[in-house]
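Trainee: Please take a close look at a single part of this model, one sheet together with the helices that belong to its surroundings. I would like one connected account, with the criteria spelled out where they are used.

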Amino acid sequence: MESKKTILVVDDEPDAIKFVEAVLSNVGDYTVISSSDGPDCLQRVQEETPDLIILDIMMPEMDGFKVFYELRNKASTKDIPIIMLTGVADKVGIRFFKKDMKDYMGSEPAEYIEKPLDPAKLQDAVQWVFETYPV
Amino acid sequence: MNSLLDFLFSLNTNLARRTDIDELLADLTCQAVRAIRAETGILSLYDKITDELYYHRKCVSTGESGEYGMQEGVFSRSKRGEGIIGWCAEHRTSVNVTNPDDDNRFRRDPDREDETHIHSVLAVPLIFREELHGVLVAQNKRNQDAFSKDDEKLIGTLAAHATLLISNYRLAEEQLNRDRLTDLGQSIINSAHGLKNILNNMDGGTYIVETGVSRKNMDTVYDGWDIIKRNSHRLRELVLDMLLYSRPRTPEYQETDITQLCSDLIELVSEKARSQQVEVVLEADPDIGTVYIDPKGIHRCILNLTSNAIHACQQKNGGQVKIQLSKKDDESLEIRVSDNGKGISKDNLEHIFDVFFTTKGSKGTGLGLPVTRKIISEHHGTLEVTSEIGAGTTFTITLPRATTGVVSFSTVSGSPSPAEDSFP
């Protein structure tokens, strides 16, 4: 039997984490863990090796781009699929999308979803990730 | 004559300063009446919005010795065109008359009760670049004389100075408002982030309520409902802060027991402080007495600083926030909010007063400190900060106590009604 998949949700807003958890509970039976900031996320990833990370961009101290970069540059975490969430798809004053991340950071997330979150979009993205990415 | 010269000299050197304009204008009015030996001097300011002139300060002779005293807060308003002041403003020319009651140009309100009979009047309009700012009036030349040509020249000179002072002040005010609006414009993207987060959470709350309903699980419904309530409150706070920041507001001064205000405030934050194991203490100078401030505004400022201080002490053993009240001197009150928390880095210190700048993530609106600074500067006070990483941060508010009873000059161009500008 396939083991239960673990999803790590990273957001500095506790209410936003609850939203994502509720959406995930309607998609399937997952173990959902959460983290409220970048440094904590990087540590949790080492301990729990999640199958998917849902990462908010705008966080104090270490933003989602930096966390993404760190995750991608570590052998143990570079293959974990990441779905990024953001209130404003904006960095250095320009609109910043999935493809831009490829251009600027050499790697792109599995999906890039804008807030306010459309539950259907997140559901589709999670299903798509688990169908597409080898675990 | 020497004192007039001295005064003119100090006036010129003070032109560039703007916070003490009330005092400067009062001095100027007194010097004008003394110089031309009149009994009374009135500086009326023109309110563009209501098209009225109102008394700013009235300077009256207090005896034969040539001493003068100020009467403050005389709110007599007159329409442009009414009486001598109104006539002078309407026709934009100086007036020098004797027995004005006999002159039908200066029709007076028959109900108006004036204890002194007016036998001579000299009035000069304050005009700068076609714009009317007010009227400077001297009444009743001593010894029942009429005002001379020299008197006209003297009061004209002082009126010119008053005009410069007022227009300079008003230009600076306008510039300040423009800067603030530009700031706000540039920060729309940042504010959108805050708003979108709240909206996202409210959507989340709704989604969780719906999930609870479909599963017939009341606990889930309540969870969602709590999220909606919490975020609707956050939205309210954010929008009120944005309004508060973007509009000029005249403080509503009241005699206030500042010590009581602070202990009430500590009561308000005590639960939050306890939950984060932070102690909040008040140290008040026992003879601080009552102060003349806008209690809602100052409450807001101290609350903002205290909340920030508690936040800075998170994850620290023995976190302490101290609110200290002291008399700096007879003229000013000092409110100090200090913490032994994590401190603010040099880089961040440069930005703490920028709108929508926050290091608190979802817990900050990025408007607390800009709003605080705005309220303090509307009180003609100052807000200073010192901080050391790992050692803590101290914010010091200094408020003038002597604002008591002064008709604030900034009401000139009309202020928003208190009802729509209330604090939450």
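Mentor: What follows describes one sheet, then two helices, and then the chain around them.

Please keep in mind that this is a predicted model, in which local features need pLDDT of at least 70, side-chain atom pairs count only at pLDDT 80 or more, and totals for chains, interfaces and linings use all residues. Residues are numbered from 1 along each chain as its sequence is written, while chains are lettered from A and ligands numbered from 1 in the order in which they are written.

The part I have chosen is an open sheet of 5 strands in chain B, ordered β9-β11-β12-β14-β13, whose pairing is mixed. Strands, like helices, are taken here as DSSP runs numbered from the N terminus (E of at least two residues for a strand, H or I of at least four for a helix), and two strands pair if DSSP finds at least two bridges between them. At the edges of this sheet lie β9 and β13 of chain B, each of which pairs on one side only. On average, and with direction ignored, neighbouring strands of the sheet are turned by 15° against each other; the angles in this account are taken between N-to-C directions on a scale from 0 to 180 degrees, with axes that are lines fitted to C-alpha atoms, for helices over the stretch in contact. As general background, the strands of a sheet pair through backbone hydrogen bonds, either parallel or antiparallel.

Going through the pairings, strand β9 (residues 278-284) of chain B runs parallel to strand β11 (residues 319-329) of chain B, and 7 bridges join them. Within β11(B), B:K322 stands opposite B:V281. On β11(B) there is also a pairing in the antiparallel sense, over 8 bridges, with strand β12 (residues 332-339) of chain B, and these two strands form a hairpin that leaves 2 residues between them. A position that lets you check the register of this pairing is B:L325, which stands opposite B:I335 in β12(B). The strands β13(B) and β14(B) run antiparallel, joined by 7 bridges, and B:F395 in β14(B) is the bridge partner of B:V385.

From the strands we can turn to the first helix. Helix α8(B) lies across β9, β11, β12 and β14 of chain B, and runs at about 20° to β12(B). For all such packing statements, two residues are in contact if their C-beta atoms, placed from the backbone, lie within 7 Å. The helix has 18 residues and reaches 25 Å from its first C-alpha to its last, close to the 26 Å expected at 1.5 Å a residue, where the expected span is 1.5 Å times one less than the number of residues. Because 14 of the 18 residues of α8(B) are buried, the helix is largely enclosed by the rest of the structure; here a residue is buried if 20 or more other C-beta atoms lie within 10 Å of its own, exposed if 12 or fewer do, and partly exposed in between, again with C-beta atoms placed from the backbone.

The second helix is α10 (residues 368-378) of chain B, of whose 11 residues 9 are buried, so this helix too is largely enclosed by the rest of the structure. The buried positions of α10(B) are B:G368, B:L369, B:P370, B:V371, B:T372, B:R373, B:K374, B:I375 and B:I376. These residues pack against α6 (218-246), α8 (295-312), β13 (382-388) and β14 (392-400) of chain B, and among those partners β13 is an edge strand of the sheet, while α8(B) is the helix that lies across β9, β11, β12 and β14. Just after α10(B), B:H380 takes a positive phi of about 60°, a backbone value you may wish to look at on the way from the helix.

Finally, the chain as a whole gives the setting for this part. Chain B has a secondary structure of 10 helices and 14 strands, and buried residues make up 36% of its 424 residues. Among the contacts in chain B with a separation of 6 or more, 65% are between residues 24 or more positions apart. Chain B also meets its partner, with 20 of its residues in contact with 19 residues of chain A.
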